[in-house]
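Reader: I'd love a close look at one part of this protein, the surroundings of a single core residue and the strands beside it. Could you walk me through that part and then show me how it sits in the rest of the chain?

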Amino acid sequence: MSLWSLVAVGMGPWWALWLILTLPQILGGQSPTMPQGFSQMTSFQSNKFQGEWFVLGLADNTYKREHRPLLHSFITLFKLRDNSEFQVTNSMTRGKHCSTWSYTLIPTNKPGQFTRDNRGSGPGADKENIQVIETDYVKFALVLSLRQASNQNITRVSLLGRDWKITHKTIDRFICLTKTQNLTKNNLLFPDLTGNGFVCRG
């Protein structure tokens, strides 16, 4: 069922976007490769990456212009476990209310690469592949996610920041990364912060 089919049956456009962001998919073992113009990570410091990140931008080949007003202030908390896995908790503001969802990221043998643990998601569910493409740990991070849904490949690029401020250079790097994944300006979403003095945390 398409996103707009969900809207038609009464779920509303915001809930349809929430489903896109949260529901596990049937995956096909795609593994991110370092895009042209970006250096391969030689090391990744999980202890520095953990903590709170603000989601400043998203690009996804399933997003459309109509979805832009639906993305509100959005925070992701990475909590490092003793086994080097990340417990990830997302919190999105909707008016004065919070929607939260969590999952686990399991590190692979490649620096900055993880699989999303979908145990308990039912037969046939596999793991989404996620690669931290670039980060300085203190200001920004660029993250690439690849997964195979039942009827299409899904590519997502996330721009994360330690606060709501971001440099033009970092935004340019984000746009450059989206272009390497054949994403267009119509696939870009930035959070709508108007009227959002309240920011929720999981």
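Author: Happy to! Leaving out residues up to four places away in sequence, Val132 touches Met41, Phe44, Phe49, Gly112, Phe114, Leu142 and Val143. Please keep in mind that this is a predicted model. Val132 belongs to the largest nonpolar core, which has 23 residues. Along with Phe44, Phe49, Phe78, Phe86, Leu105 and Leu160, Val132 is among the residues that touch the most other members of that core. The elements giving two or more residues to this core are β1 (51-60), β2 (74-80), β3 (86-94), β4 (97-107), β6 (129-135) and β7 (140-148). Apart from this core there is a second one of 16 residues, with Phe54, Val157, Leu183 and Leu188 among them. As a general background, nonpolar side chains in soluble globular proteins tend to be buried together.

Let's follow the strands from here. β6 and β7 run antiparallel and pair over 6 bridges. Within this pairing, Glu134 has Leu142 in β7 as its bridge partner, and Leu142 is also one of the residues that Val132 touches. How many residues separate β6 and β7 in their hairpin? There are 4 residues between the two strands, and the turn includes Tyr137. Tyr137 is not a glycine, yet has a positive phi of about 75 degrees. Is Tyr137 buried or exposed? With a relative accessible area of 12%, Tyr137 falls under the 20% cut-off and is therefore buried.

β7 itself is mostly covered, with 8 of its 9 residues buried. On to its next partner: β7 is joined to β8 (residues 153-161) by 9 bridges, and these two strands are antiparallel as well. β7 and β8 make a hairpin with 4 residues between them, and Gln148 stands opposite Asn153 of β8.

Arg173 offers another way into this region. Arg173 is part of helix α4 (residues 168-180), and beyond its neighbours within four places in sequence, Arg173 contacts Gly37, Phe38, Glu134 and Leu142. Two of those names are familiar, since Glu134 and Leu142 are the bridge partners described above. Phe38 lies 135 residues from Arg173 along the chain, while the C-alpha atoms of the two residues are separated by 9.2 Å. Arg173 has a relative accessible area of 24%, so it counts as partly exposed, a class that lies between the cut-offs of 20% and 50%.

There is empty space to look at too. The largest cavity has a volume of about 350 Å³. Its lining has 22 residues, and those closest to its centre are Asn90, Tyr103, Val143, Arg156 and Ser158. Val143 is thus one to remember, as it is also in the list of residues touched by Val132. Two or more lining residues come from each of β1, β2, β3, β4, β5 (113-117), β6, β7 and β8. By class, this lining divides into 15 nonpolar, 4 polar and 3 charged residues.

The second largest pocket holds about 150 Å³ of space. Its lining residues are Asp136, Val138, Lys139, Phe140, Arg162, Asp163, Lys165, Ile166, Thr167 and Thr170. Sorted by class, they give 3 nonpolar, 2 polar and 5 charged residues.

Two loop residues are worth a stop on the way out. Glu85 lies in the loop between β2 and β3. What does Glu85 contact, leaving aside its neighbours within four places in sequence? The contacts are Lys79, Leu80, Thr104, Leu105, Ile106 and Pro107, and Leu105 is one of the core residues named at the start. Glu85 is buried because its relative accessible area is 12%, under the 20% cut-off. Asn182, in the loop between α4 and β9 (188-189), has a positive phi of about 60 degrees although it is not a glycine. Asn182 is exposed, with a relative accessible area of 68%.

Stepping back, the protein has 4 helices and 9 strands. Their order from the N terminus is α-α-α-β-β-β-β-β-β-β-β-α-β. Of the 202 residues, 49% are buried. Among contacts between residues at least 6 apart in sequence, 61% join residues at least 24 apart, and the contact between Arg173 and Phe38 is one you can look up in the structure.

Conventions. Residues are numbered from 1 along each chain as its sequence is written. This is a predicted model: local features need pLDDT of at least 70, side-chain atom pairs count only at pLDDT 80 or more; totals for chains, interfaces and linings use all residues. Side-chain values use heavy atoms; hydrogens and water are left out. A nonpolar core is a set of buried Ala, Val, Leu, Ile, Met, Phe, Trp, Tyr and Cys residues joined through side-chain atoms within 4.5 Å. Buried means under 20% relative accessible area, exposed over 50%, partly exposed in between (1.4 Å probe, protein chains only). Contact means heavy atoms within 4.5 Å. Two strands pair if DSSP finds at least two bridges between them. On a 1 Å grid over the protein atoms alone, a cavity is a set of points where a 1.4 Å probe fits but cannot get out, and a pocket is an open set with protein on both sides within 12 Å along at least five of seven lines; lining residues have an atom within 4 Å of a point. Grid points are joined across faces, edges and corners, and a volume is the space filled by probe spheres set on the points. Ala, Val, Leu, Ile, Met, Phe, Trp, Tyr, Cys and Pro count as nonpolar, Asp, Glu, Lys and Arg as charged, and the others, Gly among them, as polar.
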